[in-house]
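Work through the exercises below with the sequence and the structure at hand. Each task is followed by a solution in steps.

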Amino acid sequence: MTSPLAQELVLPCGQTINNRLGKSAMTEGLADALDRPTLAHNQLYKTWSHGGTGLHITGNVMIDRRYLERAGNVVLEDNSALENFKQWAKAGTEAGNHLWMQISHPGRQCPSLVNKQPLSPSEVHLKMLGSFSKPRALTQIEIGEIIERYATTAALAKEAGFTGVQVHCAHGYLISQFLSPKTNQRADQWGGSLENRARFARKVIQAVRKAVGPDFPVAVKLNSADFQKGGFSLEDCVQVASWLAQDSIDLLEISGGTYEQLSLMGVEATEVRESTRRREAYFLEYAAAIKASANVPLMITGGFRSRDVMEQAISSGEIDMVGLARPLCTQPNISEQLIAQTVDRIDDFENNLTLGDGWLGNNSSISLIKAINNVGAVSFYYQQIMRLSKSKAVDTNLKVLPCFAKHMINDTKLNLRRKKAQNKSLFSTN
């Protein structure tokens, strides 16, 4: 029997994705000192393109080079490096799959090493390891300018040959900050009620749709919830999803969490039920409510590991696409194998990515070790991305602590390299 994962998906805009597996966005950190795509991007996405996944979504592409999620992000704010983007798009669609650019603004989640004066709806400080400065509240004029930046980046992505865009409205980045009452404490038309807090997201989507036209895929990544008391809730998500569907989106990807609550990294919130853990996908239990509210194709990302669960989720109609991320770092052709039904389960290395109980000491050291474990696990997969971008084979024997150290060193180097370029006045940071 043919796998349900092999089915095509026709989007509301009329475009077709050739199967039901999608690569969710993962930060690459491969840009050059001028924030441009590199040959490493081309090689990485060429490898993934030939792995059988129908839809690939890039890591954060920033709409403003003054504000990054991290050094090493690609920025697309004008056409000065459009040829680099064309090469990336060509390499990443070589096998006939879709390649969508994820466009984003970090808001207050812009590291201090990148910019010591981040922007946000309100002056709510993200206090994590001293890595982020207190943000300044956006002015009305700046809000309008940022909306136009999203539209500009989307139009340039289309011109470069990307087959769609995804607007990042999740994980605590700028649009997510507008949606959450914890980070949006404004008293004007952009804050207060959910309708007001969702206004920024809707204006962005409407501007993007106008910029790319009716036949070009526009997707949204949205939190099912922030998993924080007083934050963006499932009920909020259901309503916002309905509004975004009215604004003509083509695919809604559901994830969850923020930097402060790392559900996005598989660190599950207390609200997640045991039944969901058994069913693997972290956010699958929210699918029914969201699909009932927003009549658009739904992609769930987070936790899928067995083919049986993926196939059931598609054949039952619970979701329309299965989102994969980390598994494609260690098994770049796993989608091809899942569709061919030659594997029953994705290799799961995450359970081995820990320093172990032997490292634990007092309460303060426990917190530190947990932080190293969480970041180290992410770093393990980031090291695989770097290897793939250099045409190297994956290395699943890498350990948490060395991966953590390499990641920290590499991030420091990326920041220093970028600062050096700034000091040479190669681009403006005003």
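**Exercise 1.** Is leucine 9 buried or exposed? Find also where leucine 9 lies and what surrounds it.

Solution. The model is a predicted one.
- Step 1: Leucine 9 belongs to strand S1, residues 9-10.
- Step 2: The relative accessibility of leucine 9 is 6%. Buried means under 20%, so leucine 9 counts as buried.
- Step 3: Leaving out neighbours within four places in sequence, the contacts of leucine 9 are Gln15, Thr16, Ile17, Arg20, Pro297, Asp320 and Met321.
- Step 4: For a distance along this part of the fold, take glycine 54, which is 45 residues from leucine 9 along the chain. Their C-alpha atoms are separated by 9.4 Å.

**Exercise 2.** Describe how helix H1 and helix H2 pack.

Solution. Two packed helices are described by the angle between their axes and by the distance between those axes.
- Step 1: H1 spans residues 39-49 and H2 spans residues 82-92.
- Step 2: The angle between them is about 20 degrees, and the axes are 7 Å apart.
- Step 3: Angles under 35 degrees count as roughly parallel, and H1 and H2 are therefore roughly parallel to each other.
- Step 4: The crossing of H1 past H2 is right-handed.
- Step 5: H1 contributes His41, Asn42, Tyr45, Lys46 and Ser49, which meet Gln87, Trp88, Ala91 and Gly92 of H2. The residues of this contact divide into three nonpolar, five polar and one charged.

**Exercise 3.** Which residues of H2 are buried, and what do they pack against? Then examine histidine 41 in H1.

Solution.
- Step 1: The buried residues in H2 are Leu82, Phe85, Trp88, Ala89, Ala91 and Gly92.
- Step 2: These buried residues pack against H1, S5, S6, strand S7 (98-104) and helix H3 (140-160).
- Step 3: Histidine 41, in helix H1, has a relative accessibility of 0% and so counts as buried.
- Step 4: Beyond its neighbours within four places in sequence, histidine 41 is in contact with Glu28, Leu30, Ala31, Val74 and Trp88. Trp88 is also among the buried residues of H2.

**Exercise 4.** How many salt bridges does the count come to? Compare three of the pairs by their place in the chain and their burial.

Solution. A salt bridge here needs a side-chain nitrogen of Lys or Arg within 4 Å of a carboxyl oxygen of Asp or Glu.
- Step 1: The count comes to 16 salt bridges.
- Step 2: Aspartate 32 and arginine 36 form one of them, at 2.7 Å from N to O. Aspartate 32 is buried, with a relative accessible area of 18%, whereas arginine 36, at 32%, counts as partly exposed.
- Step 3: Aspartate 411 and arginine 70 form another, at 2.6 Å from N to O. This pair links distant parts of the chain, 341 residues apart: aspartate 411 is in helix H14 (residues 400-423), and arginine 70 is in the loop between strand S5 (61-62) and strand S6 (74-75). Arginine 70 has 6% relative accessibility and so counts as buried.
- Step 4: Arginine 307 forms a salt bridge with glutamate 311, with the closest N and O atoms 3.2 Å apart. Both lie in helix H10 (residues 307-315), four residues apart, about one turn of the helix. Arginine 307 and glutamate 311 are both buried.
- Step 5: Elsewhere, salt bridges that share partners join Asp35, Asp64, Arg65, Arg66, Glu77, Arg149 and Arg418 into one network.

Note on methods: Residues are numbered from 1 along each chain as its sequence is written. This is a predicted model: local features need pLDDT of at least 70, side-chain atom pairs count only at pLDDT 80 or more; totals for chains, interfaces and linings use all residues. Side-chain values use heavy atoms; hydrogens and water are left out. Buried means under 20% relative accessible area, exposed over 50%, partly exposed in between (1.4 Å probe, protein chains only). Helices (H or I, at least four residues) and strands (E, at least two) are DSSP runs, numbered from the N terminus. Axes are lines fitted to C-alpha atoms, for helices over the stretch in contact, and angles run from 0 to 180 degrees between N-to-C directions. Angles under 35 degrees count as roughly parallel, over 145 as roughly antiparallel, 65 to 115 as roughly perpendicular and the rest as oblique. A crossing is left-handed if the near helix is turned anticlockwise from the far one by less than a right angle, and right-handed if clockwise. Contact means heavy atoms within 4.5 Å. Ala, Val, Leu, Ile, Met, Phe, Trp, Tyr, Cys and Pro count as nonpolar, Asp, Glu, Lys and Arg as charged, and the others, Gly among them, as polar.
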